[in-house]
Structure formats: C-alpha cells, structure tokens
Amino acid sequence: MRPLNSVIAACPPSGIRRFFDIAAEMDDVISLGVGEPDFVTPWRIREAGIYALEHGYTTYTSNAGLPRLRELICDDLAGRYGATYDPRDECLITTGVSEGLDLVLRVLLNPGDEVIVPEPCYVAYEPCVGFAGGTPVRVPTRWEDDFAIAADVVAAAITPRTKAILIGSPANPTGAVQPRAALEALVRLAEEHDLYLISDEIYDRLTYDGVHTCLGALARDRTVLLGGFSKAHAMTGWRVGWICAPQPVAELCVRVHQYTMLCAPHVSQLAAVEALSGPDDDVEGMVADYDRRRRVFVKGLREIGLDCPEPGGAFYAFPSIRSSGLDSETFAERLLHAESVAVVPGNVFGPSGEGHIRCSYATALPQLEEALVRIDRFLHSL
C-alpha cells in the first residue's frame, strides 16, 4: 500500500488523552484533567435550543453563520473591549474554536511558513500549524515570570519565513493572562516584521485579576481573533465558535469553511444567540465559582509543598512538581495509579512545561479538596 500523509502520521496522539484512557478503566478516580466546565449549559440557553428543535430549525444556515449571531458577537467585542469588526464580512461562525484555528492557519500559511508559538501552549497549536503546511517555532516562557511572553525572545525567533505569532490568553495550560504591555510589545514586533497575530481568546471571560486585553483592540488590521461559547457559557457540546478577522482573511476562511463544514449547527447558533442576548448572570455566577475554587486549590497546593503560580484566568493551575524529584510524566502516572487522581503532565504542552502538571479546577470543590488530600499523601510516600 502507498504511504499515508507523512505529516499526520508523524503527529503523536494527544498527550492529554492517554492518561484519561487509563483513568477510564479505574474506579474512584478524581479527574483534574479535561478542560471542560462541570456546569451544564444554563437553562435559558438550553431552552432556546429546545425551542429551535421543536420549531424545525434544522436546516443549513448561510456559510458565514446567522447574521444576528454575527452582529451580537461584533457588538460584544466592541462594547466589552473596543475591538471593531464588521459582522457582514469580518465575522464567521465556526464549529468551535478548533475549526476556527484550522481554517485560519490554512488561509494564512503557504508551505514552509513559520508560526511562532510561545509554550507551554494548548496541545493542538503545533499539530494544526503542521497540518496546514507550516512549521511551528517554539519560544519558551518561564513560570518564574508568570509565563509572560518576552518580546525579545520572540524577536530572536523571527526569520524571513515567519508569517504569524499564535498565542492564547488566558492560557491553557498555565492560566496565565498576558499583561497589556507584553501584548503591545508583540504588536510592535508584528508591525515591524509584517506578521499576523492569531489570538485564541476562548477564555476571555474567565479573567479573575484585572481586565482582559483583547489583541484585536490593539492591532485589528493584522489580528485574527478566535473565540466561542464553550468555556464561559458551558457549551462545549454545542460546538459554536467564531473568527473575527480583516475582510481578506475572513473571506478566505469562509471559502474553506463552505467546502468542508458548510455551517455550524443551526440549533446551536440559535442557542448562542440566546447566550449573548440575555443577562450575564449565569456567566458571572460560574466565573465567581471558578474564582473561589481557584483560590482554595492554589492555596492548598502551596500548603502541601507544591509551588504554584497564581493563575489569572481560565480554570487551570500549573504547579511545579520539581521538589518531588520526578519528571512530569512519571509524576502523573504514579499519582494516577497510587491515588487515583488524574492530572496532565506538563511536558505535553511543550518543553517549558516539564517539571509541572496541569490541574483543572473546573470540578466540584469537595472533589478538589479530596484531590489535595490524595496528592499530599502521594508526596509523603515518595
């Protein structure tokens, strides 16, 4: 048989999923691994979806998505962050941020183009760059600096083949929120070298300390914004995301989207309309609950001897486990088998993640407290 696609064949399976395949075979596991809200979608949003189904909204929409939803997204960005995009030709509804990332990279990159990816980073960033024919170029960030992206380190990685910088803020896996000054420095670099900025802002509403800075408000003409409803609105299974980008980029994203996905689900888009049309009480309540868990969990990690940077956003803690004497992979595997606590080894998010584990605090507080007891017991057993 002829060989299959070499880029895809060389891509390893997700390092996140391996541990949860093991955990699925075990009893009494506390999972701190999957990046998914433990809340169900708020009732008013579910009710809008039910209404849509009952009234037969089961057809395609336009390729770009429902005009009303695009208007609401652009209004929200303008009102909340001062980022202005035209809903008619600079906004596209996608089947989650994952599709949005894939579309954008396919549109921006020619074979061999380089994309600078500060790490630790979300596990999909580098594979998606490769799938689009590009070359990911890692630049490290340090936990001692709260994983802030240093412009001088990024600048040193720029070559004539560099096309874009891809960042997530608030970040998965670290929970780091990039300071406005760091983003402004990246904008200056992008302008100096004529680079695109791809900004994954799916966790924008989950910012606890200070105010989220939207990169599209700083450099809208060279920024592609990615966002969605999965995290803040607890809508992971509805698969609704969006791209906001300058018109030439958005137009080509729609072109790829119309041949591959056609449109995001009609019912899900109508539920998303309700998410943005109604009051913010549900989101504010969930964010306040995450914040309580964040403070309890990070304090608990420090009390059992694990240094942990204060996560400013998302719902992840990224403690150092260097004091254990174990590498990240060994720590996670032994913790799972010894104490039935599932975490993600930090090295799967990039070399700078080695010596850390990712713990999601998007789970009930009693479970988090029990997880701390078990991790403490595991540390004492070493």
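Biologist: Where is phenylalanine 147?
Modeller: Phenylalanine 147 is in the loop between strand 4 (135-140) and helix 7 (151-157). Helices (H or I, at least four residues) and strands (E, at least two) are DSSP runs, numbered from the N terminus. This is a predicted model, where local features need pLDDT of at least 70, side-chain atom pairs count only at pLDDT 80 or more, and totals for chains, interfaces and linings use all residues. Residues are numbered from 1 along each chain as its sequence is written, and side-chain values use heavy atoms, with hydrogens and water left out.

Biologist: Okay, and what's the phi of phenylalanine 147?
Modeller: Phi is near 60° there, a positive value in a residue that isn't glycine. Most residues other than glycine have a negative phi.

Biologist: Is phenylalanine 147 buried or exposed?
Modeller: Phenylalanine 147 counts as buried, because its relative accessibility is 4%. Buried means under 20% relative accessible area, exposed over 50%, and partly exposed in between (1.4 Å probe, protein chains only).

Biologist: What about aspartate 28, buried or exposed?
Modeller: Aspartate 28 comes out at 57% relative accessibility, so it counts as exposed. Aspartate 28 has a positive phi too, near 60°, and sits in the loop between helix 2 (15-23) and strand 1 (30-31).

Biologist: New topic: which peptide bond leading to proline 120 is cis?
Modeller: The one from glutamate 119, with omega near 10°. Proline 120 lies in the loop between strand 3 (114-119) and helix 6 (125-131). The bond from asparagine 172 to proline 173 is also cis, with omega near 25°, and proline 173 is in the loop between strand 5 (162-168) and helix 8 (180-193). Most peptide bonds are trans.

Biologist: How many disulfides are in the whole structure?
Modeller: Zero, from a search of the whole structure. For cysteine 11, the nearest cysteine sulfur is that of cysteine 128, 8.5 Å away. A disulfide is a pair of cysteine sulfur atoms within 2.5 Å.

Biologist: And why is there no bond for cysteine 214?
Modeller: Because the closest cysteine sulfur, in cysteine 244, is 8.7 Å from that of cysteine 214, too far for a bond. Cysteine 214 is buried, at 2% relative accessibility, whereas cysteine 11 is partly exposed at 24%.

Biologist: Zooming out, how many helices and strands are there in the protein?
Modeller: The protein has 14 helices and 12 strands. Of its 382 residues, 55% are buried.

Biologist: What does the C-alpha trace span along its principal axes?
Modeller: About 60 × 55 × 55 Å.
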